[in-house]
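Thanks for coming. I have one structure to go through, and I will keep to side-chain pairs and burial.

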Amino acid sequence: MAIGHFLSFAALTGAVLQSTPADPGLLQLLDSGDSAELRKEVGLRPDEVRRTFDELFFLSVNAADPHEGARRLLQAEFLAGLYGEEWSDPVFVQVVARFKSWSPQERLEKLKADSLREAGRGAFFESGAEAAILLWEGSLAVYRALGDDAGQAAALGNLGSGFYALGEPEKALDYQGQSLEMAAAAGDHRLRGNALGNIANVHKDLGDFDLASEFYGLALETRPLTGDRRGQAADLNNLGLVREVLGDLDGAEGHFLSALELNRRDGRFRETATN
């Protein structure tokens, strides 16, 4: 089945913007020039910062006025610098520099790949893993053509999750392992933490509890580097399940309580109910 049978590129792009919009407050702060408030928000809301780059790239490519497109890229550079200072992480400085180095057509291809990947996430829940995998494979091909290591890491991780949902854990581990390698090459701690946590999940469900514990531990070392408290809470909860199966009830309780504290702090009440 061809990717084009699902959605046109224009529809895909619109779906991404509607489903994962950047927090308007960050864009407003960029436009206002209030760097002190922006710096504070970058430290408090790293997830929104990450999504804001997607929004800025989209606006730069689709700007009617070339000067407006250039302004959006300057904003992206400024935001990347602030993130680097607040989180001691230059990953977005590199992301913005790479995007700027691409030709207009390559930038459009990047948006296309991002849109295919996001559409795959929607297809996973609406049509199943097989439909999602087709879209993720399409996005991976574009990322590879562009040499986009972070994009490849994200798409490979999606594919790993898709094949695991189809009951193919060995293929899932292979894709997650490739995702981990590409995330390391990109220097993207968020994607690295995701890959480590996903590898741990597969080992846990296969009953390889020692390996699962090892990978959860590595994920828990990585998550705080990007403020990924949701991922951290999930890893703590899953590690608690592993310790419980191994008979370490005190250790399990400690991990559950730590996950509960993080979920309560961030208002994730559905996750709180499972801790």
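Please start with Phe92, which is buried at 5% relative accessibility. Its ring is paired with that of Phe53, and the pair is stacked, with 4.5 Å from centre to centre and 20° between the planes. Phe53 sits in helix H4 and Phe92 in helix H6, residues 91-101, so this pair ties together parts of the chain that are 39 residues apart in sequence. Phe53 is buried too, at 1% relative accessibility.

I should say now that this is a predicted model.

A second stacked pair is Phe163 with Tyr175, where the centres are 5.3 Å apart and the planes differ by 5°. Here the pair ties together parts 12 residues apart in sequence, since Phe163 lies in helix H9, residues 149-165, and Tyr175 in helix H10. Both rings belong to buried residues: Phe163 has a relative accessible area of 8%, and Tyr175 comes out at 16%.

The count of aromatic pairs is 9. Back at Phe53 and Phe92, the two residues belong to one aromatic cluster, together with Phe57, Tyr83, Trp87, Phe99 and Trp102.

Now the overall picture. The chain has 15 helices and 0 strands. It runs to 275 residues, of which 47% count as buried. If we take contacts between residues at least 6 apart in sequence, 57% of them join residues at least 24 apart. The exposed area of the chain is about 13200 Å², and carbon and sulfur atoms supply 53% of that.

Next, the charged side chains. How many salt bridges are there? The count is 23, and I will show three of them.

Take Asp188 and Arg50, whose side chains meet in a salt bridge at 3.2 Å, N to O. This pair links distant parts of the chain, 138 residues apart: Asp188 is in the loop between helix H10, 169-186, and helix H11, 189-206, while Arg50 is in helix H4, residues 46-62. Helix H4 is also where Phe53 lies. Is Asp188 buried or exposed? Asp188 counts as buried, because its relative accessibility is 4% and the cut-off for buried is under 20%. Its partner Arg50, at 21%, is partly exposed.

The second example is Asp205 with Lys204, where the closest N and O atoms are 2.8 Å apart. The two partners fall into separate burial classes: Lys204 is buried, with a relative accessible area of 17%, whereas Asp205 is partly exposed at 45%.

The third is Arg265 with Glu261, a salt bridge of 3.5 Å, N to O. Both residues lie in helix H14, residues 249-266, and they are 4 residues apart, about one turn of the helix. Arg265 is exposed, because its relative accessible area is 52% and the exposed class starts over 50%. Elsewhere, salt bridges that share partners join Asp47, Arg190, Arg223, Asp228 and Asp235 into one network.

To recap, the Phe53 and Phe92 pair ties helix H4 to helix H6, and the salt bridge between Arg50 and Asp188 links helix H4 to the loop between helices H10 and H11. On the short-range side, Arg265 and Glu261 are both within helix H14. That is what I have for today.

Notes. Residues numbered from 1 in each chain as written. Predicted model: local features only at pLDDT ≥ 70, side-chain atom pairs only at ≥ 80, totals over all residues. Heavy atoms only, no water. Salt bridge = Lys/Arg side-chain N within 4 Å of Asp/Glu carboxyl O. Helix = DSSP H or I, 4+ residues; strand = E, 2+ residues; numbered from the N terminus. Buried < 20%, exposed > 50% of the residue type's maximum accessible area, 1.4 Å probe, protein only. Phe/Tyr/Trp six-rings, centres within 6.5 Å; stacked < 30°, edge-to-face > 60°. Contact = heavy atoms within 4.5 Å. Areas by Shrake-Rupley, 256 points an atom, 1.4 Å probe, with all protein chains shown as cover.
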